[in-house]
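Colleague: I would like to go through this model with you step by step, asking each time what a label rests on. Could you show me the structure before we begin?

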Amino acid sequence: MQLRQGLRVLRRATDEVQVGLDPRWAVRVAGLSPERAERLLRTGDRRVDDALPAPALDALRTAGLLRPGPARARRVRPDLRPEALAHGLVRADGDGVEAVRRRSRATVAVLGLGRAGSAVATTLAVAGVGTLLLDDERAPGPEDVAAGPDRAAALSGVLRRLAPRARVRVPRGPGRLLADPPDAVVTVAADAPDPATALTLLGADLPHLPVVTREADALVGPFVRPARAGEPPLPCLRCLDLHRAAADPAWPVVLAQLVAPRAGAGAAEPPAALAVVAGGLAAAEVLAHLDGGAPRTAGAQYEIAVPAVAPRLRRWAAHPDCGCAALVG
Ligand SMILES: [Zn+2]
């Protein structure tokens with residue numbers, strides 16, 4: 001057996017070593033001879049079976065820190081090592097390398113490339129998503145990070161420098177997403193998600209995640225995908241509006257104004273820290289989906305408010321009057 005990759009091994013005393021820093025699995029291995037403590041500190045990727053007494057191996061095994069020694073070390077692209085190591089430690093199968101390889105075969109579309117959308121796309125590209133489809137034909141404004149003929153073209157230049165291995169495409173024309181459906185779509189909008197886009201994505205069975213930035217907060221979620229067998233139905237965006245309308249009969253009137261095209265100047269961009277936190281959380285949700293895990297916002301929504309930008313998770317149920325509740329994968 002070997003130690004799982006990515007663990008810190010630290011001396012606590014001449015006869016005691018600590019493996020791991022994260023309180024979810026960190027364990028003290030005590031009662032070692034000085035020589036065995038030294039071997040554990042130097043072990044790295046090498047076998048630990050013959051270096052440690054049985055009680056120490058038991059402590060490591062119970063903490064889930066051992067893995068079978070592979071016949072050959074599995075290689076991962078150097079730029080994706082941080083992803084493979086950290087995700088390998090939290091996955092039940094311990095296989096961060098396979099999760100990262102799966103990302104490289106995936107395609108994610110990001111619609112809406114202001115500050116928050118740019119944070120989503122750059123995080124996904126750096127995290128190893130193979131193909132990014134970018135969609136935003138608005139001209140970059142003074143608050144955008146890059147210049148170019150439009151926001152999608154400007155951001156694609158940034159991504160080619162930040163993540164040269166990612167394929168970046170800027171599809172044009174109507175129906176551009178449905179022609180070659182991605183594995184997930186992130187929509188980023190000010191004030192409220194566009195109901196027509198949400199309906200199209202729902203109808204096409206495309207897993208999608210809305211990000212909304214408002215006056216001084218942002219919403220991430222719900223992650224909309226068909227419920228798996230045995231799961232309760234998951235809410236879609238219309239479900240949330242039906243819940244809101246039940247609590248506030250004027251909500252549909254308000255919502256119609258939020259999604260109507262604005263005259264004059266466009267919607268305000270979020271402040272920088274809010275855009276990065278909302279964009280990072282949205283990217284983490286998409287990566288959880290691509291890695292075969294469960295996004296936390298399936299059936300929930302992060303609420304992130306300025307100035308602390310500390311996310312709060314609020315749960316939402318499917319609404320019985322919304323036809324989407326029949327969607328079961
Ligand atoms: Zn619904």
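Colleague: Which residue in S3 does Ala13 stand opposite?

Modeller: This is a predicted model, and in it Ala13 stands opposite Glu16 in S3. Further along the pair of strands, Val9 has Val19 of S3 as its bridge partner.

Colleague: What makes S2 and S3 a pair of strands?

Modeller: Two strands count as paired if there are at least two bridges between them. Strand S2 (residues 9-13) and strand S3 (residues 16-19) are joined by 4 bridges, so the requirement of at least two is met and they are called a pair. The two strands run antiparallel, and a hairpin of 2 residues leads from S2 to S3.

Colleague: Which strands are the edge strands in the sheet with the order S2-S3-S4?

Modeller: That open sheet has 3 strands with antiparallel pairing, and its edge strands are S2 and strand S4 (27-29), each of which pairs on one side only. Neighbouring strands there are turned against each other by 30° on average, with direction ignored. Helix H1 (residues 34-42) lies across S2, S3 and S4, and runs at about 155° to S2.

Colleague: Why are S8 and S13 placed at the edges of the other sheet?

Modeller: In that open sheet, 8 strands follow the order S8-S7-S6-S9-S10-S11-S12-S13, with mixed pairing. Strand S8 (167-169) and strand S13 (312-315) each have a single partner strand, so one side of each is left without a neighbour in the sheet. On average, neighbouring strands of this sheet are turned by 20° against each other, direction ignored.

Colleague: How do you know that S6 and S7 pair?

Modeller: Strand S6 (residues 107-111) and strand S7 (residues 131-135) share 5 bridges, and since at least two are needed, they therefore count as paired, in the parallel sense. One of the matched positions is Val110, whose bridge partner in S7 is Leu134. Helix H10 (residues 272-290) lies across S6, strand S9 (184-190), strand S10 (208-213), strand S11 (217-220) and strand S12 (300-305), and runs at about 160° to S12.

Colleague: Why is the site of the zinc ion called tetrahedral?

Modeller: Four donors count as tetrahedral if all angles lie between 85 and 135 degrees. The angles among the 4 donor atoms of the zinc ion are 100 to 123°, which lie inside those limits, and therefore the site is called tetrahedral. Ideal angles for four tetrahedral donors are 109.5 degrees.

Colleague: What makes the SG atoms of the cysteines count as donors of the zinc ion?

Modeller: An S atom is taken as a donor of such a metal if it lies within 2.8 Å. The SG atoms of Cys236, Cys239, Cys322 and Cys324 lie 2.1 to 2.3 Å from the zinc ion, and so they qualify as its protein donors. Along the chain, these donors follow the spacing C-x2-C-x82-C-x1-C, and both Cys322 and Cys324 are buried.

Colleague: Why is Glu83 called buried?

Modeller: Buried means under 20% relative accessible area, and because Glu83 has 18%, it is called buried. Glu83 is found in helix H3, and, leaving aside neighbours within four places in sequence, Glu83 is in contact with Gly88, Val100, Arg103 and Ala127. The buried residues of helix H3 (residues 81-90) are Glu83, Ala84, Gly88 and Leu89, and what covers them includes helix H4 (96-104).

Colleague: Is Ala86 buried, partly exposed or exposed, and what makes it so?

Modeller: Ala86, which also has its place in helix H3, has a relative accessible area of 43%. Exposed begins over 50% and buried lies under 20%, so with 43% Ala86 is partly exposed.

Colleague: What makes Arg115 count as partly exposed?

Modeller: Arg115, found in helix H5 (residues 115-126), has 30% relative accessibility, and because this falls between the limits of 20% and 50%, Arg115 counts as partly exposed. Not counting residues up to four places away in sequence, Arg115 touches several residues, including Glu143, Asp144 and Glu269. Arg115 and Glu269 are 154 residues apart along the chain, while their C-alpha atoms are separated by 6.7 Å.

Note on methods. Residues are numbered from 1 along each chain as its sequence is written. This is a predicted model: local features need pLDDT of at least 70, side-chain atom pairs count only at pLDDT 80 or more; totals for chains, interfaces and linings use all residues. Side-chain values use heavy atoms; hydrogens and water are left out. Axes are lines fitted to C-alpha atoms, for helices over the stretch in contact, and angles run from 0 to 180 degrees between N-to-C directions. Contact means heavy atoms within 4.5 Å. Donors are N, O and S atoms within 2.8 Å of the metal (3.2 Å for Na, K and Ca); water is not among the atoms, so sites may look incomplete. Four donors count as tetrahedral if all angles lie between 85 and 135 degrees; four count as square planar and six as octahedral if opposite donors are over 155 degrees apart and all others between 65 and 115; anything else is irregular. Buried means under 20% relative accessible area, exposed over 50%, partly exposed in between (1.4 Å probe, protein chains only).
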